[in-house]
Amino acid sequence: MMQWSNISAIAFDLDGTLIDSVPDLAAATNATLAQCQYPPVTEALVLSWVGNGARVLMQRALSYASGMAENTPELQALLEKTMPLFMLYYSEHLYTHSRLYSGVLTTLQKLKQAGFKLAIVTNKPHRFTLPILSAFGLDNVFSEVLGGDSLAKMKPDPMPLQHLLGQWQLDESQLLMVGDSKNDILAAKAANVMSIGLTYGYNYGEDISLSHPHAVCENFADIEQYLLS
């Protein structure tokens with residue numbers, strides 16, 4: 001039986017969990033769409049498309065703007081042409097408008113001081129993840145950072161969490177996944193590790209409790225009650 005007291009390592013999602021990154025992702029999306037002569041989209045739409053990596057985000061945006069289905073050869077050709085534009089713009093504006101959610105820095109510092117191993121497991125490309133962590137003073141908090149392109153598969157596949165279990169020589173009962181999306185909870189279930197779902201992030205408009213994490217928290221600092229009590 002899994003118990004909170006067994007937890008010795010925690011994997012955190014990034015976008016929608018630690019940082020609100022949608023404003024910068026929306027700006028990069030709209031800059032790319034403008035290059036294709038398409039009108040801008042709202043942040044609310046971009047929020048609904050976030051969670052499966054940069055390529056899927058732009059695929060959804062181009063499909064919406066052009067009216068083409070995502071799986072058509074025409075859209076895929078357009079995606080190949082525009083992805084470098086998106087990646088370039090976003091790389092130059094990673095944290096212009098993004099912000100840390102309330103309580104994140106303090107809680108992470110408490111968890112590290114308490115001896116927990118901390119990791120980032122995000123579907124964001126690795127080369128974007130490191131500068132963002134540094135910009136928000138989180139670069140020395142995590143001993144492992146896995147981006148969406150760090151391994152052969154990304155969340156909701158369990159591979160990133162299984163990688164941590166092997167890397168840190170942990171039993172499944174010792175690892176916790178904290179995230180705002182069903183991708184985080186599905187990955188945790190597939191890896192047979194515990195999970196906490198956060199209600200404030202990006203989850204395609206769905207209530208995170210529908211994914212049945214072990215606990216649901218409305219604020220980031222609320223996770224302390226399970227880990228530091």
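**Cavity, helix packing and backbone exceptions**

The largest cavity holds about 220 Å³ of space. The model is predicted. A search of the whole structure returns one cavity of 30 Å³ or more. The lining of the largest cavity comprises 21 residues, and those closest to its centre are Asp 15, Val 50, Gly 51, Gly 53 and Lys 124. By class, this lining splits into eight nonpolar, seven polar and six charged residues. Two helices are represented in the lining by at least two residues each: α3, spanning 54-66, and α8.

Helix α3 also packs against helix α1, residues 22-35. The two axes come within 11 Å and cross at roughly 50 degrees. Angles from 35 to 65 degrees are neither roughly parallel nor roughly perpendicular, so α1 is oblique to α3. The crossing of α1 past α3 is right-handed. From α1, the contact draws on Leu 25, Thr 29, Thr 32 and Leu 33. Facing them in α3 are Leu 57, Met 58, Ala 61, Leu 62 and Ala 65. The α1 contact with α3 counts seven nonpolar and two polar residues, with no charged residues.

A second partner of α1 is helix α4, residues 73-92. Here the axes come within 9 Å and cross at roughly 140 degrees. Roughly antiparallel requires an angle over 145 degrees, and α1 and α4 are therefore oblique to each other. Their crossing is right-handed. On the α1 side, the residues in contact are Asp 24, Leu 25, Ala 27, Ala 28, Thr 29, Ala 31, Thr 32 and Gln 35. On the α4 side, they are Thr 82, Leu 85, Phe 86, Tyr 89 and Tyr 90. By class, the contact of α1 with α4 has eight nonpolar residues, four polar and one charged. Leu 25, Thr 29 and Thr 32 of α1 appear in the contact with α3 and also in the contact with α4.

Helix α8, which supplies at least two residues to the cavity lining, packs against helix α7. Helix α7 covers residues 159-167 and helix α8 covers residues 182-191. Their axes lie 8 Å apart, at an angle of about 50 degrees. That angle makes α7 oblique to α8. The crossing of α7 and α8 is right-handed. Leu 161, Gln 162 and Leu 165 form the α7 side of the contact. The α8 side consists of Ala 187, Ala 188, Ala 190 and Ala 191. In total, the α7 contact with α8 has six nonpolar residues, one polar residue and no charged residues.

Two features of the backbone were also recorded. The peptide bond joining Lys 155 and Pro 156 is cis, with omega at about 15 degrees. Pro 156 sits in the loop between β5, residues 144-146, and α7. Gln 37 has a positive phi of about 65 degrees, although Gln 37 is not a glycine. The loop that holds Gln 37 runs between α1 and α2, the latter spanning 43-49.

Key: Residues are numbered from 1 along each chain as its sequence is written. This is a predicted model: local features need pLDDT of at least 70, side-chain atom pairs count only at pLDDT 80 or more; totals for chains, interfaces and linings use all residues. Side-chain values use heavy atoms; hydrogens and water are left out. Axes are lines fitted to C-alpha atoms, for helices over the stretch in contact, and angles run from 0 to 180 degrees between N-to-C directions. Helices (H or I, at least four residues) and strands (E, at least two) are DSSP runs, numbered from the N terminus. Angles under 35 degrees count as roughly parallel, over 145 as roughly antiparallel, 65 to 115 as roughly perpendicular and the rest as oblique. A crossing is left-handed if the near helix is turned anticlockwise from the far one by less than a right angle, and right-handed if clockwise. Contact means heavy atoms within 4.5 Å. Ala, Val, Leu, Ile, Met, Phe, Trp, Tyr, Cys and Pro count as nonpolar, Asp, Glu, Lys and Arg as charged, and the others, Gly among them, as polar. On a 1 Å grid over the protein atoms alone, a cavity is a set of points where a 1.4 Å probe fits but cannot get out, and a pocket is an open set with protein on both sides within 12 Å along at least five of seven lines; lining residues have an atom within 4 Å of a point. Grid points are joined across faces, edges and corners, and a volume is the space filled by probe spheres set on the points.
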